[in-house]
Amino acid sequence: IYGKKDSLYAYYNTSGKQIVPELFTEAFSFNNGIAKVEINGNQAFINSTGKYIVYPAFEEVEFFNDSLVIFGKGGLYGLMKKDLQIVVPNKYDAIGKLSEGLALVVYDGDLGYINAMGEEVISPIYDEIPNYMSRSTFKDGVAIVSKNGQFGIINNKGKEVIPCKNEDIGGSI
């Protein structure tokens with residue numbers, strides 16, 4: 001449980017005992033023993049004793065998988081290990097959540113996909129479409145994409161299973 005005192009947040013246990021002092025300008029609930037916090041304009045992750053799991057070194061942080069963290073700096077996103085070792089530099093406009101082993105990335109306004117290791121497996125060659133984070137995320141082995149304003153469906157290898165020749169595409173995949 002977090003609470004704000006003197007403009008800073010602290011964490012308390014269910015008995016009301018303070019377990020982490022007032023240090024944070026923003027606080028979030030614990031999930032699986034980890035909470036996101038913000039300090040001096042940078043986000044971090046702490047454990048239930050207040051120890052940093054990911055130090056406050058970037059404007060935004062989000063878990064990508066068990067070993068990698070999405071970080072944001074200067075409006076661009078990359079991947080790093082929890083110890084802040086950069087795996088993929090912050091070059092993407094956006095990085096989505098992993099779904100079926102792939103995550104959507106946006107590079108210079110184009111959509112592509114990376115795997116759980118941060119490796120580009122489908123080059124960013126597709127148009128950015130409305131609601132792309134939900135529409136272009138892989139479900140049941142396929143994703144909706146668009147090229148030159150025409151919609152189609154690709155599989156997780158990047159092969160068009162429905163060619164990008166449709167004005168729109170939708171429905172359950």
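How many bridges join β8 to strand β9, and do the two strands run parallel or antiparallel? I would like to start there, and I should say at once that what we have in front of us is a predicted model. Four bridges join β8 to β9, which covers residues 68-73, and the two strands run antiparallel. Together β8 and β9 make a hairpin, with four residues between them, and within this pairing Val61 stands opposite Phe71 of β9. As general background, the strands of a sheet pair through backbone hydrogen bonds, in either a parallel or an antiparallel manner.

Let me stay with β8, and turn to its charged side chains. Glu62 meets the side chain of Lys36 in a salt bridge, with an N to O distance of 2.8 Å. That pair links distant parts of the chain, since Lys36 belongs to strand β5, residues 34-39, while Glu62 belongs to strand β8, residues 60-63, and 26 residues separate the two. Glu62 also forms a salt bridge with Lys97, and here the closest N and O atoms are 3.8 Å apart, which falls within the 4 Å cut-off used for a salt bridge. This second pair again links distant parts of the chain, because Lys97 sits in the loop between β12 and β13, 35 residues from Glu62 in β8. Taken together, Lys36, Glu62 and Lys97 are linked in a network of salt bridges.

How exposed or buried are the two strand residues of that network? Lys36 has 15% relative accessibility and therefore counts as buried, the limit for that class being under 20%. Glu62, with a relative accessible area of 33%, is partly exposed.

A search of the whole structure finds four salt bridges, and one of the others I want to show joins Glu160 to Lys147, with the closest N and O atoms 3.5 Å apart. Here too distant parts of the chain are linked, Glu160 being in strand β18, residues 160-166, and Lys147 in strand β16, residues 142-147, with their positions 13 residues apart in the numbering. Both ends of this bridge are partly exposed, Glu160 with a relative accessible area of 28% and Lys147 with 30%.

Now to the pocket. The largest pocket has a volume of about 250 Å³, and its lining includes Lys36 and Glu62, along with, among others, Phe45, Phe63, Asp66 and Lys82. β5 and β8 each supply at least two residues of this lining, and the largest share, three residues, comes from β5.

Asn32 is another of the lining residues, and its backbone deserves a comment. Asn32 lies in the loop between β4 and β5, and its phi is near 55 degrees, a positive value in a residue other than glycine. Most residues other than glycine have a negative phi. Asn32 is exposed, with a relative accessible area of 75%. Asn148 also has a positive phi, near 50 degrees; this residue is placed in the loop between β16 and β17, and it is exposed as well, with a relative accessible area of 73%.

Next, which strands form the open sheet, and in what order? The order is β12-β13-β14-β15, four strands in all, and the pairing is antiparallel. The edges are β12 and β15, each of which has a single partner strand, so one side of each is left without a neighbour in the sheet. Looking at one pairing in that sheet, four bridges join β14, residues 110-115, to β15, and the bridge partner of Tyr113 in β15 is Ile122.

Finally, a word on Thr137, which is found in the loop between α1 and β16. Where does its side chain reach? The Thr137 side chain comes to 2.4 Å from the backbone oxygen of Met133, a value that I would simply report as the model gives it. At 17% relative accessibility, Thr137 counts as buried, and, leaving aside residues up to four places away in sequence, Thr137 touches Ser99, Tyr132, Val142 and Ala143.

To close, I would come back to Glu62, which takes part in the salt-bridge network with Lys36 and Lys97 and is also one of the residues lining the largest pocket.

Definitions and conventions: Residues are numbered from 1 along each chain as its sequence is written. This is a predicted model: local features need pLDDT of at least 70, side-chain atom pairs count only at pLDDT 80 or more; totals for chains, interfaces and linings use all residues. Side-chain values use heavy atoms; hydrogens and water are left out. Buried means under 20% relative accessible area, exposed over 50%, partly exposed in between (1.4 Å probe, protein chains only). Two strands pair if DSSP finds at least two bridges between them. A polar contact is a pair of N or O atoms within 3.5 Å; within protein, one must be able to donate a hydrogen and the other to accept it, and residues adjacent in sequence count only if both atoms are side-chain atoms. Contact means heavy atoms within 4.5 Å. On a 1 Å grid over the protein atoms alone, a cavity is a set of points where a 1.4 Å probe fits but cannot get out, and a pocket is an open set with protein on both sides within 12 Å along at least five of seven lines; lining residues have an atom within 4 Å of a point. Grid points are joined across faces, edges and corners, and a volume is the space filled by probe spheres set on the points.
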